[in-house]
Amino acid sequence: MTIEIDNGSGFCFGVTRAISKAEEELKASGHLYCLGDIVHNADEVGRLESRGLETISHDRLATLHGVKVLLRAHGEPPSTYATARANGIEIIDATCPVVLKLQQRIKATWDDAGDTSPQIIIYGKRGHAEVLGLEGQTAGNAIVIESADELDKIDYNRDIYLYSQTTKSLQGFKHIVDEIRSRVAPGVTFRSFDTICRSVGGRIPQIREFAAHHDLILFVSGSKSSNGRILFAECLDANPDSHLISNESEIDPSWLVGKQRVGICGATSTPRWLMNRVAEAIRQL
């Protein structure tokens with residue numbers, strides 16, 4: 001049996017940057033607050049918590065004063081920064097540059113609108129940390145669309161500006177664009193902005209090829225990872241013998257029977273060390 005780990009899998013730039021900032025502060029002081037899970041992977045969160053990272057909620061943030069708090073790659077709404085200023089909290093801002101640019105574009109669209117009040121549509125997962133940060137740029141007035149099934153929320157007689165959560169499927173976004181374009185009333189302005197991060201979207205052809213060239217695929221991802229679900233769905237489509245696991249404890253030995261080429265891959269929130277651990281567990285089995 002040969003076991004291969006996909007070279008394209010693992011942390012994206014934004015996650016790597018956030019974890020580096022956390023590790024730097026933990027090395028200096030031994031403790032750091034992080035607003036929400038630093039990454040959607042319980043094993044990596046546990047590793048950092050063992051070194052002194054403390055994950056907190058927004059409610060807890062409001063009770064803190066004079067401390068350091070890391071903002072993860074997903075980004076935050078303006079209200080979070082306002083709370084930090086009011087409480088004398090030092091922000092270590094690890095917002096992904098791609099997400100930050102998207103926030104700025106949405107805010108500019110909203111601020112420049114004046115009295116025209118265009119509809120700002122966000123194609124994304126409702127309640128996702130990044131999406132909450134994007135909604136915050138419009139004071140909560142943006143409309144979140146998770147799929148084409150929710151397009152009836154839009155008023156097609158008013159101007160429409162469509163943005164996407166950075167980790168959504170490019171194919172799904174294009175479908176939303178086509179559906180909206182077919183429904184807008186004459187004279188209505190419709191503008192769409194492809195704001196999908198290519199660290200995710202660009203990986204789909206590569207990960208499909210990787211999956212197709214193995215007898216068995218083990219896709220390692222945390223249950224909260226949005227891009228993990230997207231990428232695993234692509235693996236499963238390319239290779240029906242694909243299995244989603246969070247770590248090596250979930251490997252079913254029966255999956256390995258008769259397999260000659262086993263591939264291991266993961267989300268942009270999956271640490272390389274965890275995929276290596278899965279590979280070693282297979283060798284032991």
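**Close-up views of a predicted model**

**View 1. Arg277 and its partner in α2.** Let us start with Arg277, whose relative accessible area of 34% makes this residue partly exposed. Keep in mind while looking that this is a predicted model. The side chain of Arg277 meets that of Asp43 in a salt bridge, with 3.4 Å from N to O. This pair ties together distant parts of the chain: Asp43 belongs to helix α2 and Arg277 to helix α11 (residues 272-284), with their positions 234 residues apart in sequence.

**View 2. Helix α2, its cap and its buried residues.** Stay with Asp43 and look at the start of its helix. Asn41 caps the N-terminal end of α2, placing a side-chain oxygen 3.2 Å from the backbone nitrogen of Asp43. Which residues of α2 are buried? They are Asp43, Glu44, Val45 and Leu48. The elements that the buried residues of α2 pack against are α1 (13-29), β3 (53-56) and α11.

**View 3. A salt bridge between two loops.** Here Lys224 and Asp37 form a salt bridge, and their closest N and O atoms are 2.8 Å apart. Once again distant parts of the chain are linked: Lys224 sits in the loop between β10 (216-220) and α10 (226-238), while Asp37 sits in the loop between β2 (32-35) and α2 (42-49), 187 residues apart. Are the two partners buried or partly exposed? Lys224 counts as partly exposed because its relative accessibility is 48%, whereas Asp37, at 18%, counts as buried.

**View 4. Arg198 with Asp194, and a network of charged residues.** In the model as a whole, the count comes to 22 salt bridges. One of them joins the side chains of Arg198 and Asp194, at 2.6 Å from N to O. Both residues are partly exposed: Arg198 has a relative accessible area of 45%, and Asp194 one of 36%. Elsewhere, Glu23, Glu44, Arg47 and Arg51 are joined into one network by salt bridges that share partners.

**View 5. The open sheet β1-β12-β10-β11.** This view shows an open sheet of four strands, paired in parallel and ordered β1-β12-β10-β11. At the edges are β1 (2-5) and β11 (242-245), and each of these strands pairs on one side only. On average, neighbouring strands of the sheet are turned by 20° against each other, direction ignored. Look now at β10 and β11, which run parallel and are joined by four bridges. Across from Val220 you will find Ile245 of β11.

**View 6. The largest nonpolar core.** Val220 and Ile245 appear again here, for they are among the members that touch the most other members of a core of 16 residues, together with Leu218, Ile251, Ile264, Val278 and Ile282. At least two residues of this core come from each of β10, β12 (261-266) and α11. Which element gives the most to the core? That is α11, with six residues. Such a grouping fits a wider pattern. In soluble globular proteins, nonpolar side chains tend to be buried together.

**View 7. The surroundings of Ile245, and a second core.** Zoom in on Ile245 and set aside its neighbours within four places in sequence. The residues in contact with Ile245 are then Leu218, Phe219, Val220, Ser221, Glu250, Ile251, Trp255 and Val278. There is also a second, separate core of 15 residues, and its members include Ala18, Leu26, Val45 and Ile92. You have met Val45 before, as one of the buried residues of α2.

**View 8. The open sheet β7-β6-β8-β9 and two helices packed on it.** This open sheet has four strands in the order β7-β6-β8-β9, with parallel pairing. The edge strands are β7 (143-145) and β9 (190-192); each has a single partner strand, so one side of each lacks a neighbour in the sheet. Its neighbouring strands are turned by 20° against each other on average, direction ignored. Three bridges connect β7 with strand β6 (residues 119-123), and the two run parallel. In one of the pairings, Ile145 in β7 is the bridge partner of Tyr123. Helix α5 (residues 97-113) packs on the sheet and touches β6 and β8 (160-164), its direction making about 170° with that of β8. Helix α7 (residues 170-183) packs on the sheet too, touching β6, β7, β8 and β9, and its direction makes about 170° with that of β8.

Methods. Residues are numbered from 1 along each chain as its sequence is written. This is a predicted model: local features need pLDDT of at least 70, side-chain atom pairs count only at pLDDT 80 or more; totals for chains, interfaces and linings use all residues. Side-chain values use heavy atoms; hydrogens and water are left out. A salt bridge is a side-chain nitrogen of Lys or Arg within 4 Å of a carboxyl oxygen of Asp or Glu. Buried means under 20% relative accessible area, exposed over 50%, partly exposed in between (1.4 Å probe, protein chains only). Two strands pair if DSSP finds at least two bridges between them. Axes are lines fitted to C-alpha atoms, for helices over the stretch in contact, and angles run from 0 to 180 degrees between N-to-C directions. Contact means heavy atoms within 4.5 Å. A polar contact is a pair of N or O atoms within 3.5 Å; within protein, one must be able to donate a hydrogen and the other to accept it, and residues adjacent in sequence count only if both atoms are side-chain atoms. A nonpolar core is a set of buried Ala, Val, Leu, Ile, Met, Phe, Trp, Tyr and Cys residues joined through side-chain atoms within 4.5 Å.
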